[in-house]
Each structure stands twice: as structure tokens, then as C-alpha cells.
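Me: Please take a close look at a single part of the chain shown below. I would like that part described residue by residue where possible, and then set against the rest of the chain.

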Amino acid sequence: MAPPPPTAATNGINPPIPLSNALMTKFKPAKIFKGAVEPTPPPTPGSSSRVNPGPRHITAITFDDRGDQVLTASEDETFRLYSCKTGKHLKTLYSKKYGVDLPRFTHKNTTVVHASTKEDDTIRYHSLHDNKYIQYFKGHKQRVISLEVSPVDDGFMSGSMDKTVRLWDLRVPTCRGLLNLPAAPVIAYDTSGIVFSVAVNQYSRILLYDQANYDKAPFLTITLEDPTLALISYPPRPIYMTSLAFSSNGKYILAGCSGDAHYIVDAFEGHLIAKLEGRIGLERRRMDAPQSIDPVRGNSGEEVSWTPDSKFVMSGSLDGRIAVWDVQNLPSRTGQVDLKVAPLRLQPLASLDGHPGPSRCVRFNPRLAMMVTAGAELAFWLPDQTADSEEMAKELLRKK
């Protein structure tokens with residue numbers, strides 16, 4: 001996690017704002033970019049008459065380390081770079097030949113790594129400054145579905161539909177580590193960069209590896225089983241994990257799922273702690289589309305994340321709303337893991353009106369009190385503090 005912003009005394013700017021329950025309910029879209037994605041071209045005469053998939057979407061967003069810039073990748077095969085401080089669109093870069101997905105800023109704010117959607121499944125290291133490729137990372141045989149940069153160095157990691165995880169270094173084009181798994185994996189680093197986790201769906205397992213000994217067996221295997229699902233249908237519908245994220249203190253793992261709930265598990269022992277309910281999953285592309293019998297990835301993967309202090313979790317929804325859960329008071333569980341113990345079922349602290357279509361991407365700025373969400377359009381959210389003067393006065397009186 002990025003360090004907190006400097007204090008007002010050091011550089012004369014506004015003091016840092018602590019995230020509170022009251023503040024999280026006050027977030028409102030401060031700026032909406034309607035033209036953040038090029039519209040779907042009309043069908044050419046003689047082309048196959050597929051069902052219209054609807055408008056194109058932004059598929060992923062990434063912040064640089066300082067939280068100054070945000071980059072989007074979309075189905076129109078473009079990157080778009082925006083300034084978080086001025087709220088302005090800075091530049092559009094095209095990747096029509098290879099397509100673009102899962103952009104991730106490296107520790108330089110002018111370079112990103114990203115997955116390809118066409119030609120091949122190579123990961124590309126791209127300079128935003130002069131719109132050139134610096135390096136190609138070849139090895140995956142099918143589409144890359146998970147990509148993360150190490151929080152501490154130039155390492156990064158990718159998971160692919162070819163059922164492998166590859167470990168890379170930005171300075172070397174060949175992969176430095178390979179894990180073969182029984183299903184397509186989803187990956188995440190912890191905040192120290194020492195541990196990484198791999199989710200394997202068909203087996204409902206999350207495997208934790210030591211970065212230095214990735215070729216050894218995982219030091220912890222977590223089984224993600226939710227006993228409350230049997231209350232809805234029997235046999236229960238399987239959980240389909242599409243993203244993983246460690247909390248900033250390393251205690252918890254947030255397992256983002258394509259179904260209607262996300263889960264928080266204990267990262268040290270593997271207990272299922274909480275089930276985050278109250279939103280509609282992104283298995284389908286539109287509300288009127290039928291649900292498949294077996295769970296699928298759908299458009300899920302970028303729609304759920306922690307705030308930088310890990311006090312709240314935010315998630316997009318198929319109906320465009322943004323759910324915010326307060327996770328500051330999670331129950332603690334110790335001892336033997338019992339898969340029959342039901343998790344704490346949390347309803348959202350707030351359900352914010354978001355996009356007209358699905359909210360596919362939701363990320364909180366690592367340094368600023370700002371949230372970015374995206375679907376068919378892009379929105380920058382800021383807390384509306386107009387009615388805060390009375391509350392601040394009460395708060396000050398309480399402190400005295």
C-alpha cells in the first residue's frame with residue numbers, strides 16, 4: 001500500500017482525510033467521461049447476424065504508485081490516460097494489432113505491462129511516453145486472465161487459461177518461474193511481495209506460496225466453501241473466483257467472484273470470515289441475459305477492491321450500482337478450520353448510484369480520497385463534503 005499523503009504542516013496542502021463510514025456514503029460522481037470508449041461500429045452487410053452485445057466496455061483500470069494518473073483499457077483496443085488531480089484526459093494510445101487488457105503500471109509512471117487479446121498471448125511492456133514496446137514476454141499458450149506487478153520490485157506474475165502461472169522480471173524477456181495447475185489460475189501478491197496466492201476454481205482452493213520457494217509445495221491451502229449456498233439450492237452452485245487481493249496488513253484475502261457475493265478469508269489459517277452480499281454478479285453482460293447453468297467468469301475480475309487502508313471493500317454490480325462494505329470489525333477465528341461454520345454475512349454500508357450499464361471496474365486511488373469506476377463510461381468519484389460543517393464541529397467537540 002502507498003504511504004499516507006504528507007501532512008499539511010510539511011507542504012501547505014490540505015491535511016489527509018481519514019476514510020470513515022460517513023465519508024464513504026458521501027461519494028458522488030464528480031466527473032463522468034461519456035466518450036471514454038469508442039462506440040460499437042455498425043455491423044457490415046453480409047456479416048453474421050449475432051445478437052448485439054451492446055455498448056463496448058472499459059475492461060480494466062490501473063493507478064500509478066503516486067495516484068496521480070489512471071489508465072484505462074477498453075474493448076475498442078485503446079489505452080486512455082487521465083490525470084487524477086485535474087480530472088483531464090491526457091492521451092489516447094491505440095493497440096489495434098494486439099488488443100489490450102489488464103494494464104498494470106510498473107513502478108515508473110510512464111510504463112505499463114499488459115495482456116494481449118489478439119495475434120498471440122504475449123505480455124507486452126509498453127512505454128506511454130513515446131507509445132513504443134520495450135519488451136515482449138512470451139510463453140503463455142492461451143489468453144492471460146490475471147496479471148499483477150510486485151509491490152516491491154521489478155517482478156511481475158501472470159495467470160493464463162493455459163493453466164499456468166509464470167513469474168517474470170521486467171529486465172529479462174524469459175520467464176523465471178512456472179507453476180502448472182489443474183485449472184486456470186487467478187493470482188495476487190501480498191503487500192510485502194514475499195507471498196503470493198493462486199486461486200484454482202474447479203477445486204475451490206486458494207494456494208499460498210513463498211515467493212523465494214515457489215517451486216516447493218504451497219505453505220497454506222485454503223478451501224473456499226460457503227455453507228450458506230446450500231440454503232439457496234442443492235447441490236449448491238459452485239463459487240467462481242475471478243480476482244484475489246490481500247488487505248494492506250496482510251491478514252485477509254478478498255476473493256472476488258463472478259456470482260452475487262464476494263468472500264473474505266483469513267490469510268494465516270484459512271478460515272472463511274465474511275460473505276459480502278447485496279449486489280448482482282457480473283457473470284452476464286446485461287441484466288436481461290439468462291444465467292448459465294455452470295458458473296462462468298463473465299465480465300468479472302476488476303470490479304471489487306479494498307480501500308488503501310483496508311477498512312472498506314467496494315464492488316461494482318450488473319445493475320451499475322457501487323456497493324461499499326464496512327469490514328473494520330470482522331470476527332476473529334482461530335484453531336482448526338471448520339468448513340461448516342457459516343461466514344459473517346455483510347450487507348453494504350452504502351449502495352451508490354453508479355453507471356447506466358454494469359460497473360465492471362472499481363478501484364480506489366492509492367493516495368487520494370478518490371474512487372474510479374468504469375463500464376460503458378468512466379466516472380471519477382469524490383466525497384461530497386458540502387453538508388459536513390456541522391458534523392465536523394460535532395467531531396471536534398467530541399475530541400475536546
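**Strand 24 and its setting**

Reply: Within the protein chain, 51% of the contacts with a separation of 6 or more are made by residues 24 or more positions apart. The model under discussion is a predicted one. Its chain contains 3 helices and 29 strands, and 51% of its 400 residues count as buried. The accessible surface comes to about 18800 Å², with 54% of that area belonging to carbon and sulfur atoms.

The part chosen for the close look is strand 24, which covers residues 322–326. Of its 5 residues, 4 are buried, so strand 24 is largely enclosed by the rest of the structure. Two pairings describe its place. Strand 23 (residues 312–315) pairs with strand 24 in the antiparallel sense, over 4 bridges. Within that pairing, S315 has A323 of strand 24 as its bridge partner. Strand 24 also pairs with strand 26 (residues 350–352), again in the antiparallel sense, over 3 bridges. There, V324 has A350 of strand 26 as its bridge partner.

The connection from strand 23 to strand 24 is a hairpin with 6 residues between the strands. Within this hairpin, G320 takes a positive phi near 90°. A further positive phi is found ahead of strand 23: S310, in the loop between strand 22 (304–306) and strand 23, has a phi near 60° although it is not a glycine. Most residues other than glycine have a negative phi. S310 is buried as well, because its relative accessible area of 13% is under the 20% limit.

A comparable backbone feature appears elsewhere in the chain, in the loop between strand 3 (69–74) and strand 4, where E77 is placed. E77 is also a residue other than glycine, and its phi is near 65°. With a relative accessible area of 18%, E77 counts as buried. Strand 4 itself (residues 78–83) leads to a contact between distant parts of the sequence. The structure holds 10 aromatic pairs. One of them joins Y82 and F380, whose ring centres are 6.0 Å apart and whose planes stand at 75°, so the pair is edge-to-face. Y82 belongs to strand 4 and F380 to strand 29 (residues 378–383), so this pair ties together parts that are 298 residues apart in sequence. Both partners are buried: the relative accessible area of Y82 is 2%, and that of F380 is 5%.

Other aromatic residues are grouped through ring pairs, which link Y125, F137, F156 and W168 into a cluster. Among the strands around these residue numbers, strand 12 (residues 164–169) and strand 13 (residues 172–180) pair in the antiparallel sense over 5 bridges. A hairpin of 2 residues joins strand 12 to strand 13, and L167 stands opposite G177 of strand 13. Two charged side chains lie over ring faces. R124 is over the face of Y133, at 5.9 Å from the ring centre, while K138 is over the face of Y136, at 6.0 Å from the ring centre.

Two open sheets complete the setting. One has 4 strands in the order 6-7-8-9, with antiparallel pairing. Its edge strands are strand 6 (101–105) and strand 9 (132–137), each of which pairs on one side only. Neighbouring strands in this sheet are turned by 25° against each other on average, direction ignored. Strand 6 pairs with strand 7 (residues 111–115) in the antiparallel sense over 3 bridges, and D101 has A115 of strand 7 as its bridge partner.

The other open sheet has 5 strands in the order 18-19-20-21-25, with mixed pairing. Strand 18 (241–246) and strand 25 (344–346) are its edges, each pairing on one side only. The average turn between neighbouring strands of this sheet is 20°, direction ignored. Inside it, strand 19 (residues 252–257) pairs with strand 20 (residues 262–266) in the antiparallel sense over 4 bridges, and Y252 has D266 of strand 20 as its bridge partner.

To return to the chosen part, strand 24 pairs in the antiparallel sense with strand 23 and with strand 26, and 4 of its 5 residues are buried.

Terms used:
Residues are numbered from 1 along each chain as its sequence is written. This is a predicted model: local features need pLDDT of at least 70, side-chain atom pairs count only at pLDDT 80 or more; totals for chains, interfaces and linings use all residues. Side-chain values use heavy atoms; hydrogens and water are left out. Buried means under 20% relative accessible area, exposed over 50%, partly exposed in between (1.4 Å probe, protein chains only). Contact means heavy atoms within 4.5 Å. Accessible areas come from the Shrake-Rupley method with a 1.4 Å probe; for residues, only the protein chains shown count as cover. Two strands pair if DSSP finds at least two bridges between them. Rings of Phe, Tyr and Trp (its six-membered ring) pair if their centres lie within 6.5 Å; planes under 30 degrees apart count as stacked, over 60 as edge-to-face and the rest as tilted. A charge sits over a ring if NZ of Lys or CZ of Arg is within 6 Å of the ring centre and within 35 degrees of the ring normal. Axes are lines fitted to C-alpha atoms, for helices over the stretch in contact, and angles run from 0 to 180 degrees between N-to-C directions.
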